[in-house]
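Trainee: I should like a close look at a single part of this structure, followed through in one connected account. Please begin with the salt bridges.

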Amino acid sequence: ETPFEKGRGTEREGDMNKSYSATLGGPIMRDRLWFFLAGRERKLETARTLAVSGTPFTTTDDSPRYEVKLTGAITSNHTIQASYLNNDRALNNSTQLVPVDINSIYSASEQPNDGTSVSYSGVFTNNLFGELRWSEKAFQFSGLGGTAQELVNSPFYSYGITTGFGAF
């Protein structure tokens, strides 16, 4: 607990986060085709508190990461490589900024994230070398912000301008 949390009587449980990863690579066809695989399983839990009130909450970030890559030598002077990476994240109690109110915390959100790339490189003559590259990435913030349209269900408060809302 920080001094701020101790002053408010906040107690947190602290556990170690675990991350598991593995890589594997090697030749498929000697001097022609190689592979590379990588993976990681990680779930982070972070104990946090609201900036003003000291109210405790825990964020979780589940982000498995997988990658596969193939490299092929067409000839000794021409190489092609293709790779795919997936790093989707599932978040719980996530925040974009420093929240003041517990209603500002997003209970469940996702960040789909993957990418593909292909490249070619070749030596045509002693003086001519060329490369071609193509890549595509897809990333998104999903589930952030909330869907309620009534002011009473939002983290905004009124101080007497509109009756019935926000007395705290």
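**A salt bridge and its surroundings**

Mentor: R89 and D61 form a salt bridge in which the closest N and O atoms are 2.4 Å apart. This pair links distant parts of the chain, since R89 belongs to strand 6 (residues 89–94) and D61 to strand 3 (residues 56–62), 28 residues apart. The model is a predicted one. The two partners can be classed by their relative accessible area. D61 has a value of 10% and is therefore buried, the cut-off for that class being under 20%. R89, at 28%, is partly exposed.

The structure holds four salt bridges, and two others can be set beside this one. R133 pairs with E131, with 3.4 Å between the closest N and O atoms; R133 is exposed at 64% relative accessible area, while E131, at 44%, counts as partly exposed. D31 pairs with R30 at 3.9 Å between the closest N and O atoms, and both D31 and R30 are exposed.

Another residue to examine is N113, which lies in strand 8 (residues 113–125). Its relative accessibility is 14%, so N113 counts as buried. The side chain of N113 makes a polar contact of 3.3 Å with that of K137. Beyond residues up to four places away in sequence, N113 touches L85, N86, N87, D88, K137, A138 and F139.

As for the whole, the protein has one helix and nine strands, and the helix precedes the strands in the sequence pattern. Of its 168 residues, 22% count as buried. Among contacts with a separation of 6 or more, 50% join residues 24 or more positions apart.

Notes: Residues numbered from 1 in each chain as written. Predicted model: local features only at pLDDT ≥ 70, side-chain atom pairs only at ≥ 80, totals over all residues. Heavy atoms only, no water. Helix = DSSP H or I, 4+ residues; strand = E, 2+ residues; numbered from the N terminus. Buried < 20%, exposed > 50% of the residue type's maximum accessible area, 1.4 Å probe, protein only. Polar contact = N/O pair within 3.5 Å; in protein donor to acceptor, adjacent residues only side chain to side chain. Contact = heavy atoms within 4.5 Å. Salt bridge = Lys/Arg side-chain N within 4 Å of Asp/Glu carboxyl O.
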